[in-house]
Amino acid sequence: MIKIAPSVLSADFSILRKQIILLEKGGADWIHLDIMDGHFVPNLTFGSLIIKSIRSITKLPLDAHLMAYHPERYIDDFKKAGVDLFTVHIEACVHLHRVVQRIKESGMKAGVSLNPSTPAISLREIIPSIDQILVMTVNPGFGGQKFIKSTLRKIREIAIMIESSKQNIELEVDGGVDEKNAKEIVNAGATVLIAGYSIFSKKNISIAVKNIRIAATK
């Protein structure tokens, strides 16, 4: 079953509680948290205090995507704040296996993300150790960007790698996901669609969540 994980990067934080409740009514499966450090990417977002507030609003799984150097510094705080899935960038981790091991020891599921220019083959040695893979289909750092069409080839390649591994690994896609391309992305092998602007820019975000799921599964 395809999962929809709205990214609160595009939410209106002045009415965040109301918007998260609307996401739940729309059938969202996860809440996606884009954590940016202002160094790995130019933007700076939020940390454990905001995550703790979001945890108090919803029981949906919280999916933290760390666009940050030295993400291991946040493992304990994010676990305490209520994060369920903790994804790091392969480009930001010198000792990736060690970081993944620490995430799993904390009790969270561990994921690895790749920038658009990072090849799928870089995942080969880490696949046996992880629970999810996040493919960036825009360059990370800002919401509302246009989907990079050439990344579909990489999604297909990673889907084959996952199938060959015979492991239960989610394949997330993040960046420019909307009703127009959702089906194509799922056909390429994605199991989790992350959408921010294409949901929160709509007048009715509950319907926006439903419409992406309909488009992905029709």
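## Starting at an exposed lysine

Let's begin with Lys166: at 76% relative accessibility, this residue counts as exposed, because the cut-off for exposed is over 50%. Keep in mind as you look around that this is a predicted model. To find Lys166, go to the loop between α5 (151-165) and β7 (170-174).

Lys166 has another feature to look for in its backbone. Its phi is near 60 degrees, a positive value in a residue other than glycine.

## A histidine with a positive phi

His70 also has a positive phi, about 50 degrees, although His70 is not a glycine. You will find His70 in the loop between β3 (62-67) and α3. Is His70 buried, partly exposed or exposed? With a relative accessibility of 45%, His70 counts as partly exposed.

## The chain as a whole

Now step back and take in the whole chain. It contains eight helices and eight strands. Measuring along the principal axes, the C-alpha trace spans about 45 × 35 × 30 Å.

How does the radius of gyration fit with a compact globule? For 218 residues, such a globule would have a radius of gyration near 17 Å, and the chain has 16 Å, so the two agree.

## Inside and outside

What share of the 218 residues is buried? Buried residues make up 54% of them. The accessible surface of the chain comes to about 10300 Å², and 53% of that surface belongs to carbon and sulfur atoms.

Contacts tell you how the chain folds back on itself. Take the contacts between residues at least 6 apart in sequence: 65% of these join residues at least 24 apart.

## Charges and a long-range salt bridge

The chain carries 28 positive and 22 negative charges, and the mean positions of the two groups are 5 Å apart. The structure holds seven salt bridges, and three of them are worth a visit here.

One of the seven joins the side chains of Arg213 and Asp29, with a distance of 2.8 Å from N to O. This pair links distant parts of the chain: Arg213 belongs to helix α8 (residues 205-217), while Asp29 sits in the loop between α1 (16-25) and β2 (31-36), and the two are 184 residues apart. Are these partners buried or exposed? Arg213 counts as buried because its relative accessibility is 18%, and Asp29 counts as buried at 19%. Both values fall under the 20% cut-off for buried.

## Two more salt bridges

Another salt bridge forms between Arg55 and Asp84, whose closest N and O atoms are 3.0 Å apart. Arg55 lies in helix α2 (residues 48-57) and Asp84 in the loop between α3 (75-81) and β4 (85-89), so this pair ties together parts that are 29 residues apart in sequence. Arg55 is partly exposed, with a relative accessible area of 22%, and Asp84 is partly exposed too, at 31%.

Asp76 and Arg102 form a salt bridge as well, and here the closest N and O atoms are 4.0 Å apart. Which elements does this pair connect? Asp76 lies in helix α3 and Arg102 in helix α4 (residues 96-106), so the pair ties together parts 26 residues apart in sequence. At 44% relative accessibility, Asp76 counts as partly exposed. Arg102 is likewise partly exposed, with a relative accessible area of 34%.

Methods. Residues are numbered from 1 along each chain as its sequence is written. This is a predicted model: local features need pLDDT of at least 70, side-chain atom pairs count only at pLDDT 80 or more; totals for chains, interfaces and linings use all residues. Side-chain values use heavy atoms; hydrogens and water are left out. Helices (H or I, at least four residues) and strands (E, at least two) are DSSP runs, numbered from the N terminus. The radius of gyration is taken over C-alpha atoms; the globule rule is 2.2 Å times the number of residues to the power 0.38. Buried means under 20% relative accessible area, exposed over 50%, partly exposed in between (1.4 Å probe, protein chains only). Contact means heavy atoms within 4.5 Å. Accessible areas come from the Shrake-Rupley method with a 1.4 Å probe; for residues, only the protein chains shown count as cover. Lys and Arg count as positive and Asp and Glu as negative; His and the chain ends are not counted. The place of a charge is taken as NZ of Lys, CZ of Arg, CG of Asp or CD of Glu.
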